[in-house]
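Me: I am new to this structure. Please take me through one part of it closely, then show how that part sits in the whole.

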Amino acid sequence: MASDSGEVVTRFAPSPTGFLHIGGARTALFNWLFARHHGGKALLRIEDTDKKRSTAEAIDAIIDGLSWLGLDYDAPVVFQSERAGRHAEVAHQLLTAGHAYKCFATPEDLEAMRAAQRAAKQPLRYDGRWRDRDPGTAPEGAPFVIRLKTPDDGETVIQDQVQGSVTVRNAELDDYVLLRADGTPTYMLAVVVDDHDMGVTHVIRGDDHLNNAFRQLPIYRAMGWQEPVYAHIPLIHGADGAKLSKRHGALGAENYRDEFGILPEALFNYLLRLGWGHGDREEISRDEAIALFDLAGVGKSPSRFDLKKLQNLNGHYIREADDARLAELVAPRIGEGIDLALLTRAMPQLKLRAKDLDELATGAAFLFKTRPLALEDKAAALLTSDARVLLAKISARLRNQDDWTVAALEAELKPFAEELGLGLGKLAQPMRAALTGTTTSPGIFDVLALLGREESLARLDAHATSADASQQA
């Protein structure tokens, strides 16, 4: 089904009570991809009717997270709180048409009703006490809510694009509130009115909303509106199969960006594969995702979030990323006043093993250290008295080297190692400790080339000891 124009229209409708969590980000992605795949429109609605819990900071975080993921929208953001008048208008239309009614039950009446239901071990639901009652029998000026008159016999069937055919007996649905006594609309009413007015054709959301679909359809039918196509996506679980929580990684998109150093294209790809598949493909580009995505590929079982898989996929995208772009992202993680040109030159080697931006920053830190270098314990352990003598010999050999390139340095040191009867690794280990202060780094010739002749020799000399001095010691 499409809109009157034949166009597919989807929407992402988060409540701004917190960050853009991982489940919400995936829902946003699926909506966006479905619209883009069909050449339709993707819309964004902020459901901010809960004024006590909705915050401007949360709204900013959600919009920022969506933008970072590269999800753009085809119309200005709709704020549900600005549409309360329209929601109330529809509630009164339903009332006038006989599809809704005034309920004058007091909070005390409803609590007594629920207490009786609990005692009888019955489901807790409104018993319809004002459904067919004359509102004129209510005390004059008594407050009331407007309730939807839901069908009380038969059943409702939804042909869900993910869950398949789902049936609910209408007797299980109660006459829920559309408009509160203070005139404010409820979530159920606001969602339906907004989806209709925005021309939404496909409602793609978590399967925790499946029950809501059965409660919302009667409004569409009572108003004579075209019903949307529903697609309820299974929720995300942790790697252990339990409901996703913060300990599993149920964090905001900004956490993956700022704390985990994840690239947006990596999270985009990972979320895409979290509950949707296309054969055995793991690495799928943005353009490929638009071309391939459809609801038929969404599984019925909950998907499992695995941070290690995300980090491994992130490593792939780091290796694919532009070096200058990576340098811009990594520099703030190292410190202030970072030489971006040097960092960019180092990226081809640094990104070979890194899984996130923090690992890139850690790997690049040696380039910007000042002498005397602080040594990690493992690096200090490598700088034995024999190793320091070896460093002096290496420094003397390199001092005559004017061509300070990877190829020239390799051509100089490999034969030197053979002359000394050592493997190249025996030279590289103490050199790496002296040059970087660590035991892990890019290739030793790359390290020398990146540091440059003057800085390399100075760092080697800082830890070198002549054979004579060693003997005297």
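Reply: What follows starts at strand β2, moves to its neighbours, and ends with the whole chain.

This is a predicted model, in which local features need pLDDT of at least 70, side-chain atom pairs count only at pLDDT 80 or more, and totals for chains, interfaces and linings use all residues. Residues are numbered from 1 along each chain as its sequence is written, and side-chain values use heavy atoms, with hydrogens and water left out.

Start with β2, residues 41–46. Helices (H or I, at least four residues) and strands (E, at least two) are DSSP runs, numbered from the N terminus. Of the 6 residues in β2, 5 are buried, so the strand is largely enclosed by the rest of the structure. Buried means under 20% relative accessible area, exposed means over 50%, and partly exposed lies in between (1.4 Å probe, protein chains only).

Now look at the partners of β2. Strand β1 (residues 9–12) runs parallel to β2, joined by 4 bridges. Two strands pair if DSSP finds at least two bridges between them. Arg11 stands opposite Leu43 in β2. Strand β3 (residues 78–79) also runs parallel to β2, with 2 bridges. Here Ile46 has Phe79 of β3 as its bridge partner.

Helices link these strands. β1, α1 and β2 form a right-handed β-α-β unit. β2, helix α2 (residues 56–68) and β3 form a right-handed unit of this kind too. A crossover is right-handed if, with the strands pointing away from the viewer, the path from the first strand over the helix to the second runs clockwise.

Return to β1. In a regular strand the side chains alternate between the two faces of the sheet. Both faces of β1 are covered. Val9 and Arg11 are buried on one side, Thr10 and Phe12 on the other.

Next, the core. A nonpolar core is a set of buried Ala, Val, Leu, Ile, Met, Phe, Trp, Tyr and Cys residues joined through side-chain atoms within 4.5 Å. The largest has 93 residues, and Ile394 and Met431 touch the most other members. Helix α1 (residues 22–37) gives the most to this core, with 9 residues. Apart from this core lies another, of 32 residues, including Leu189 and Phe214. Met431 touches Leu391, Ile394, Leu413, Ile444, Leu448 and Leu460, leaving aside residues up to four places away in sequence. Contact means heavy atoms within 4.5 Å.

Two loop residues come next. Glu227 is in the loop between α6 (210–223) and β10 (229–233). Glu227 counts as partly exposed, at 28% relative accessibility. Gly335 is in the loop between α11 (323–334) and α12 (340–350). Gly335 is partly exposed, with a relative accessible area of 30%.

Last, the whole. The protein has 20 helices and 12 strands. Its radius of gyration is 32 Å, well over the 23 Å that the globule rule gives for 473 residues, so the protein is more spread out than a compact globule. That radius is taken over C-alpha atoms, and the rule is 2.2 Å times the number of residues to the power 0.38. Along the principal axes, the C-alpha atoms fill a box of roughly 110 × 45 × 35 Å. Buried residues make up 46% of the 473.
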